[in-house]
Each structure stands twice: as C-alpha cells, then as structure tokens.
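Biologist: Let's go through this structure and test the labels one by one. I want a reason behind each.

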Amino acid sequence: MTSAPSSTPTEAASRAAASPSARVFPPTGRRVLVSGASRGLGRALAQAFAANGDVVAVHFGSRREEAEETLGSLAGTGHVLAGGDLSSPEGAHAVAEVAAGGLGGLDVLVNNAAVNLPHPLATTSYEDWATAWQDHVAVNLLATANLSHLAARRMIEQGGGGRIVNVGSRGAFRGEPDHPAYGATKAAVHALGQSLAVHLAPHGIGVASVAPGFFETERVAHRLSGAQGEAIRAQSPFGRVASADEIAAAVLWLASPAAEWASGTVLDLNGASYLRT
C-alpha cells in the first residue's frame with residue numbers, strides 16, 4: 001500500500017492561511033487592552049502595539065498622571081484610558097467595559113498588571129504575610145483570570161479570533177525566596193494560560209505567556225544602580241539585564257497572526273540566566 005504524498009511547505013502554509021482564525025485575525029489595526037500600562041513594561045507594551053498600528057486601551061490603577069503620559073506617547077490615534085481597580089471582579093469588569101466601549105471591541109488582551117512586594121517568611125508577621133498573599137492573588141492571578149474571561153467572551157462574540165498574552169515570570173520556575181506569593185501566582189498564571197489555550201483554540205483565540213527575568217524599569221532602577229546592580233547583571237552570561245522594549249517585542253509577536261501555533265507556550269525571556277527543560 002502506498003502512502004499519500006506529503007504536502008509541501010507551500011501547501012501546508014496555504015491550508016493554515018485558509019483556516020478561519022488565520023483569515024480573519026489581522027496583523028494590525030487591532031483593539032488591544034494592556035493592563036498595568038501607566039509606566040514601565042506596560043508603557044513599553046502599549047507603545048509597541050501603537051507603533052504596530054493597533055489602538056490601545058491604557059489601563060491604570062492609581063497612577064492616572066503617568067497613564068496620561070503613556071497615552072500621549074502613543075503613535076496614531078484612537079487610544080483610550082481605562083482606569084480601575086483590578087483586585088475585585090467588579091473592578092475588572094468595569095475596566096473591560098471601558099476598554100471595549102472606547103475601542104469598539106477587543107481583539108488582544110495583555111495581562112501585565114501585577115503586585116510584587118517583599119514578604120520573606122522569617123521576618124514577616126503572620127498578619128502581613130496573609131495580607132501579602134491576598135494582595136498578590138487578587139491582582140496577579142484573579143485579575144488575570146477575570147480579564148481573560150471578559151476579553152475572551154467578547155472575542156468569541158465578535159467571531160474574529162483573538163490573542164491573550166500573560167506576563168509571567170522566571171520566578172515561577174526558580175523560586176522567589178523574598179517574594180514567594182509573586183512566584184507562586186506567576187506559576188499559576190502560566191498554568192491558567194495553558195488551560196485557556198486548549199479551551200479557546202476552537203474559537204481562533206491563541207493564549208501564551210512570557211516569563212521574563214530581570215529587566216530594567218523605573219521601579220528597579222535603584223537596584224541596578226546600587227550595590228546589587230553588578231550581581232543582578234551577572235545573572236545572565238550576556239552581563240546585562242533586558243530592556244522593557246525587548247519583552248514588549250516578544251509579546252507583540254505572540255499577539256500576532258503568525259504566532260497562532262505558539263499558543264500554550266511559556267516563552268523564557270531571561271538571557272540564559274535560568275535554563276529549564
């Protein structure tokens with residue numbers, strides 16, 4: 001018995017291009033919600049999507065002035081602010097409503113908002129420990145889950161596919177001794193993304209996560225310029241830390257039509273500072 005001839009790369013690419021999600025999910029002009037976009041990585045993410053020709057909802061919690069600076073820095077027009085507290089289901093719902101209403105829908109969600117406060121067990125009281133865990137879970141995990149539900153349901157109703165990209169962390173794999181709730185919630189975010197990747201694929205919605213190592217933002221500038229700086233840079237054999245723009249470039253690709261087959265991935269972005277198999 002002879003086997004059927006294998007398809008050529010061109011034929012395989014043609015079949016992929018003919019799939020519903022590949023046909024309708026555009027590479028640009030998309031409606032994008034970036035949570036935690038007032039500064040740092042969130043600002044770099046918003047700028048990357050805007051430069052790509054997308055329209056962006058810039059979410060902020062309490063830093064409205066900085067969010068307005070982010071908004072003013074974006075290329076193109078049609079971008080909006082979406083302020084609100086993501087730590088409650090009601091707050092997340094309100095943010096999604098403002099974003100979708102201002103943009104006319106949602107095609108891409110980037111879950112970037114996060115809490116990351118130190119709480120080493122040996123020196124943290126039980127009361128402060130419990131509060132730290134509640135705060136980290138509420139924002140890092142539950143807000144990500146809630147926004148993912150709200151955005152994905154809109155994408156399903158719109159019928160054009162979509163993308164969800166979660167900002168996780170290297171700390172989910174190597175451990176965070178002084179920030180255990182951060183490491184644990186980021187590990188949960190990776191697992192959530194993989195579960196949703198399987199569930200949402202039939203709707204043409206790809207879900208992926210990035211796991212950055214140390215990268216430079218205003219929030220950590222004092223650590224890089226202080227006594228810890230040399231040791232932090234030495235974590236990578238490149239002898240440096242990442243820029244926020246490097247992380248944003250990876251997120252932009254994962255949100256693209258070309259990255260559909262990367263759905264379910266957790267992409268390490270740590271400059272070979274931590275290797276896993």
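Modeller: Start with Q235, and keep in mind that this is a predicted model.

Biologist: Why is Q235 called partly exposed?

Modeller: Its relative accessible area is 29%. Buried means under 20%, and exposed means over 50%. The value for Q235 falls in between, so Q235 is partly exposed.

Biologist: Where is Q235 found, and which residues is Q235 in contact with?

Modeller: Q235 is in the loop between α10 (229-233) and β8. Leaving aside neighbours within four places in sequence, Q235 is in contact with R170, R174, F214 and S273. By contrast, the C-alpha atoms of Q235 and A96 are separated by 38 Å. Those two are 139 residues apart along the chain.

Biologist: Now G168. What makes G168 buried?

Modeller: G168 has a relative accessible area of 3%. The cut-off for buried is under 20%. So G168 is buried.

Biologist: Which residues does G168 touch?

Modeller: Not counting residues up to four places away in sequence, G168 touches Y182, K186, H190, V210, A211 and P212. G168 itself lies in the loop between β5 (162-167) and α7 (171-174). The C-alpha atoms of G168 and V251 are separated by 11 Å, with their places 83 residues apart along the chain.

Biologist: On to S243. How do you know that S243 is partly exposed?

Modeller: S243 has 30% relative accessibility. That is not under 20% and not over 50%, so S243 counts as partly exposed. S243 sits in strand β8 (residues 242-243). Its C-alpha atom is 7.7 Å from that of T217, 26 residues apart along the chain.

Biologist: What is notable about the phi of A272?

Modeller: Phi of A272 is near 60 degrees, a positive value in a residue other than glycine. Most residues other than glycine have a negative phi. A272 lies in the segment after β9 (266-269).

Biologist: Why does A272 count as partly exposed?

Modeller: Its relative accessibility is 39%. Set that against the limits of 20% and 50%: the value lies in between, so A272 is partly exposed.

Biologist: Let's turn to helices. Why are α6 and α8 called roughly parallel?

Modeller: Their axes cross at roughly 20 degrees. Angles under 35 degrees count as roughly parallel, so the label fits α6 and α8. The axes of α6 (residues 126-158) and α8 (residues 180-200) come within 9 Å. The crossing is right-handed.

Biologist: What residues make up the contact of α6 with α8 by class?

Modeller: There are 17 nonpolar, 5 polar and no charged residues. Among those in α6 are W129, W133 and L141. Those in α8 include P180, Y182 and L192.

Biologist: What makes the pair of W129 and W133 tilted?

Modeller: First, the ring centres are 5.8 Å apart, and rings pair if their centres lie within 6.5 Å. Next, the planes stand at 50 degrees. Under 30 would be stacked and over 60 edge-to-face, so this pair is tilted. The count of aromatic pairs comes to 1. W129 and W133 both lie in helix α6, 4 residues apart, about one turn of the helix.

Biologist: Why do W129 and W133 count as partly exposed?

Modeller: W129 has 22% relative accessibility, and W133 has 26%. Buried needs under 20% and exposed needs over 50%. So W129 is partly exposed, and W133 is partly exposed.

Biologist: Why is α3 called oblique to α11?

Modeller: The axes of α3 (residues 40-51) and α11 (residues 244-254) cross at roughly 50 degrees and come within 9 Å. Roughly parallel needs under 35 degrees, and roughly perpendicular runs from 65 to 115. The angle fits neither range, so α3 is oblique to α11.

Biologist: Which residues meet in the contact of α3 with α11?

Modeller: L41, A44, L45, A48 and F49 in α3 meet A244, D245, I247, A248, V251 and L252 in α11. By class, that contact has 10 nonpolar, no polar and 1 charged. α3 passes α11 in a right-handed crossing.

Note on methods
Residues are numbered from 1 along each chain as its sequence is written. This is a predicted model: local features need pLDDT of at least 70, side-chain atom pairs count only at pLDDT 80 or more; totals for chains, interfaces and linings use all residues. Side-chain values use heavy atoms; hydrogens and water are left out. Helices (H or I, at least four residues) and strands (E, at least two) are DSSP runs, numbered from the N terminus. Buried means under 20% relative accessible area, exposed over 50%, partly exposed in between (1.4 Å probe, protein chains only). Axes are lines fitted to C-alpha atoms, for helices over the stretch in contact, and angles run from 0 to 180 degrees between N-to-C directions. Angles under 35 degrees count as roughly parallel, over 145 as roughly antiparallel, 65 to 115 as roughly perpendicular and the rest as oblique. A crossing is left-handed if the near helix is turned anticlockwise from the far one by less than a right angle, and right-handed if clockwise. Contact means heavy atoms within 4.5 Å. Ala, Val, Leu, Ile, Met, Phe, Trp, Tyr, Cys and Pro count as nonpolar, Asp, Glu, Lys and Arg as charged, and the others, Gly among them, as polar. Rings of Phe, Tyr and Trp (its six-membered ring) pair if their centres lie within 6.5 Å; planes under 30 degrees apart count as stacked, over 60 as edge-to-face and the rest as tilted.
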